[in-house]
Protein chains: 2
Amino acid sequence: MDILHTTPRDDGFSMPAEFDRHDGCLMIWPVRSDSWRSGGWPARKAFVAVASAIAQSEEVTMLVDPSQYETARVMLPPQVRLVEMQTDDAWARDVCPTFVRNAAGEIRGIDWGFNAWGGLVDGLYFPWDRDNHVARKVCDLYRADCYDCRDFILEGGSIHSDGEGTILTTESCLCSAGRNPSMSKDQITDKLCETLGASRVLWLPRGIYGDETNEHVDNICAFTAPGKVVLAWTDDETDPQYALSKACETYLKQQTDAHGRTLTVTRLPIPQTPVCIREDECDELDLWDGEPTRTPDERLAASYVNFYLANDAVIVPQFDDPMDTAACEILAAQFPDRKIIPIAAREILLGGGNIHCITQQIPKGKRRSFYA
Amino acid sequence: MDILHTTPRDDGFSMPAEFDRHDGCLMIWPVRSDSWRSGGWPARKAFVAVASAIAQSEEVTMLVDPSQYETARVMLPPQVRLVEMQTDDAWARDVCPTFVRNAAGEIRGIDWGFNAWGGLVDGLYFPWDRDNHVARKVCDLYRADCYDCRDFILEGGSIHSDGEGTILTTESCLCSAGRNPSMSKDQITDKLCETLGASRVLWLPRGIYGDETNEHVDNICAFTAPGKVVLAWTDDETDPQYALSKACETYLKQQTDAHGRTLTVTRLPIPQTPVCIREDECDELDLWDGEPTRTPDERLAASYVNFYLANDAVIVPQFDDPMDTAACEILAAQFPDRKIIPIAAREILLGGGNIHCITQQIPKGKRRSFYA
């Protein structure tokens, strides 16, 4: 693997859409008992369900702490490849590389700076050095050359690409004080364009209410095709999510994408009943001294937008809510060629994210060979 | 990856010869300061030289402790792939899987039991549990199904295959009290045949004088082609190696291989001057309490037979000895189509092995895909 100090755009590389074909998917086995209740045991069951669903149509590589290798091997189906790697937690979307591809089909990875969603300003744990090494190790593992972008703080969950030059992100996250406070919004726009090979950045103002990542875009809005997005939505004007979703919808309807298209916005309901953490679940977190904590009845950032697009499937979070079925039906209409696979996701949500947050796609492509 | 409880022979798999084509080579980055003097710093330089030489003609994957990832990345050429894995030391030959292949070209790995060359009887370190997990993790990494043979203690350095049904090993090692003491020599022969898909096991009586592995075969004798071996040799009848080499030569000349061929034995000299550890080198080992130690002027098991056969090269250990050149010339005659690459190997030898001990080939082959 070579570490590159050029820019993907100058080299002819850009970020494919998630709905494009994949060579596989990365996940990380959850272990830390301050993120995952009850020593991580229920979360691991949920991760197995997600990995098994994705593994029906593409290879899943699960990164695992050595102490859990044998346990994970027994719990996961044989299709899932287990690779040892130390991390600080289990958010593959945010710590794995963002892959870019050129016209010849070669792929490379981007190693962003990672500071646990806000560093010493409003980050969620400390230290985060092992997470910050994951991206280049994954590039090495996949024989993909690696762009060194560690001077720019970004998590994979804060961007979506339509694969045709348009990037979706949120102001609340990328302009937050804990990430790149010395950069203006215009400078961040330029940085996204040069690293992701894009020409247009759509800046949604906000994300999902209570989302502790400073409102990652991948929890509120996602491309389903070029020119088409789904947006988390509630009709209840008294719900704190209403104003946030409304502001995003208003923004999106005024914008065009990199190809000058207006966007078709499909509303995807949030759960009818807010998903809140119970007291017994809070009691089962082993919180470290000084860490951000959860309080009983705290509302969690539940959203069906946090699905994962596998090669032939859509893996959709479910919350034991009346809207579960409606969300699956809306996504089925958006992705008529994919199987809808609903997965009970409460245990993932309790940890602070959902299915999209714990996965990272590897686009179909050629990796570098020194022995062609 | 599936863990298999059948036998390779029954499944139609057997061990290819090292001189057959490879998909790559495994190595492990040395760190432990009781094995490698001066904190491992000089050994790492030597490992870089070996990896760089092999990487000229096949992919090297270096397994690395996370604490040394960035250091190794800087020191190694980009062709070398770095993959995080915790181990107890750096002997890839002995802890990585032995790969077997079937007529269709599919490869699988064998996960032998590993107990640090003799366990609590005469093993060289404790604990060894991380080493004992390397083989199946490597199979997982390479998408190769894995035979569970952990009930049988064996290191890769104690066997050689001609790729046509003949296995070379040593009695001193495989019949040692610290490995499989409940098995007779005949039972071990059967075990080798069923796991390596062989029909004939050649039992050399001894190995290299002072070899702390109970005299692994890979330090005294190696196939260079079917029906042809090189044997470590000295003409000095007063040298303690003389009787050992003589006994092996006498044995080999009385044997035939799996195809009924008599063996052509080429003598490969040992260094003219015994290679001994100096007092200052002993002083630079951080020995753990109760560990086997080295004493100043102790003779080390130096042998040119401990070469590695890369796709287009022979990587030959050198000892700053007059016989260095002679050994290279003899090997050049044995391998006329390969480049001879001599590597200064004293620092590897000080750790207790040599180039063959720190490498393990991955035969050319197809690995299992769940997404064909």
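**Figure 1. Where chain B meets chain A.** The area buried between chain B and chain A is about 2700 Å², where buried area is the accessible area (1.4 Å probe) that two parts lose on being put together, summed over both. Carbon and sulfur atoms give 48% of that area. On the side of chain B, the residues that lose the most area to chain A are B:Glu84, B:Arg143 and B:Tyr371, and together they make up 24% of what that side buries. Counted by contacts (heavy atoms within 4.5 Å), 30 residues of chain B touch 30 residues of chain A. This is a predicted model, in which local features need pLDDT of at least 70 and side-chain atom pairs count only at pLDDT 80 or more, while totals for chains, interfaces and linings use all residues. Residues are numbered from 1 along each chain as its sequence is written, chains are lettered from A and ligands numbered from 1 in the order in which they are written, and side-chain values use heavy atoms, with hydrogens and water left out.

**Figure 2. The nonpolar core and A:Leu252.** A nonpolar core is a set of buried Ala, Val, Leu, Ile, Met, Phe, Trp, Tyr and Cys residues joined through side-chain atoms within 4.5 Å. Here, buried means under 20% relative accessible area, exposed means over 50%, and partly exposed lies in between (1.4 Å probe, protein chains only). The largest such core has 247 residues. Those with the most contacts inside it are A:Met27, A:Leu252, B:Met27 and B:Leu252. Take A:Leu252 as your guide: leaving aside neighbours within four places in sequence, A:Leu252 is in contact with A:Leu168, A:Leu204, A:Cys221, A:Val229, A:Leu231, A:Leu263 and A:Val265.

**Figure 3. A:Glu249, a buried residue of helix H9.** Helices (H or I, at least four residues) and strands (E, at least two) are DSSP runs, numbered from the N terminus. A:Glu249 belongs to helix H9 of chain A, residues 240–254. With a relative accessibility of 5%, A:Glu249 counts as buried. Not counting residues up to four places away in sequence, A:Glu249 touches A:Leu231, A:Trp233, A:Val265 and A:Arg267.

**Figure 4. Helix H11 of chain A and its two faces.** H11(A) has twelve residues, 323–334, and at 1.5 Å a residue it should span 16 Å; this expected span is 1.5 Å times one less than the number of residues. The end C-alpha atoms are 17 Å apart, which agrees. Buried in this helix are A:Asp324, A:Ala327, A:Cys328, A:Leu331 and A:Gln334. Seen down the axis of H11(A), these buried residues fall within an arc of 115 degrees, so they line one face of the helix; the arc is that of the directions from the helix axis to the C-beta atoms. An α-helix has 3.6 residues a turn, so residues three or four places apart point the same way. The buried residues of H11(A) pack against strands S11 (221–225), S12 (228–233), S13 (264–269), S15 (313–318) and S16 (339–344) of chain A. Turned away from that buried side are the exposed residues A:Glu329 and A:Ala333.

**Figure 5. A:Arg32 in its loop.** Look for A:Arg32 in the loop between strand S2 (22–28) and helix H2 (41–54) of chain A. A:Arg32 counts as buried, at 9% relative accessibility. Apart from neighbours within four places in sequence, the contacts of A:Arg32 are A:Asp88, A:Asp89, A:Tyr125, A:Trp288 and A:Glu291.

**Figure 6. Backbone details in both chains.** In chain A, a cis peptide bond with omega about 0 degrees joins A:Phe126 and A:Pro127, and A:Pro127 sits in the loop between helix H5 (119–122) and helix H6 (134–141). In chain B, the peptide bond from B:Phe126 to B:Pro127 is cis, with omega near -5 degrees. A:Ala116 has a phi near 60 degrees, a positive value in a residue other than glycine. A:Ala116 lies in the loop between strand S6 (107–113) and H5 of chain A and is buried, at 0% relative accessibility. Phi of B:Ala116 is also near 60 degrees, and B:Ala116 counts as buried at 0%.

**Figure 7. Cysteines without disulfides.** A disulfide is a pair of cysteine sulfur atoms within 2.5 Å, and the structure holds zero of them over all chains. For A:Cys173, the nearest cysteine sulfur is that of A:Cys175, 9.0 Å away. A:Cys173 is buried, with a relative accessible area of 0%. For A:Cys282, the nearest cysteine sulfur belongs to A:Cys276, 10 Å away. A:Cys282 counts as buried too, at 11% relative accessibility.
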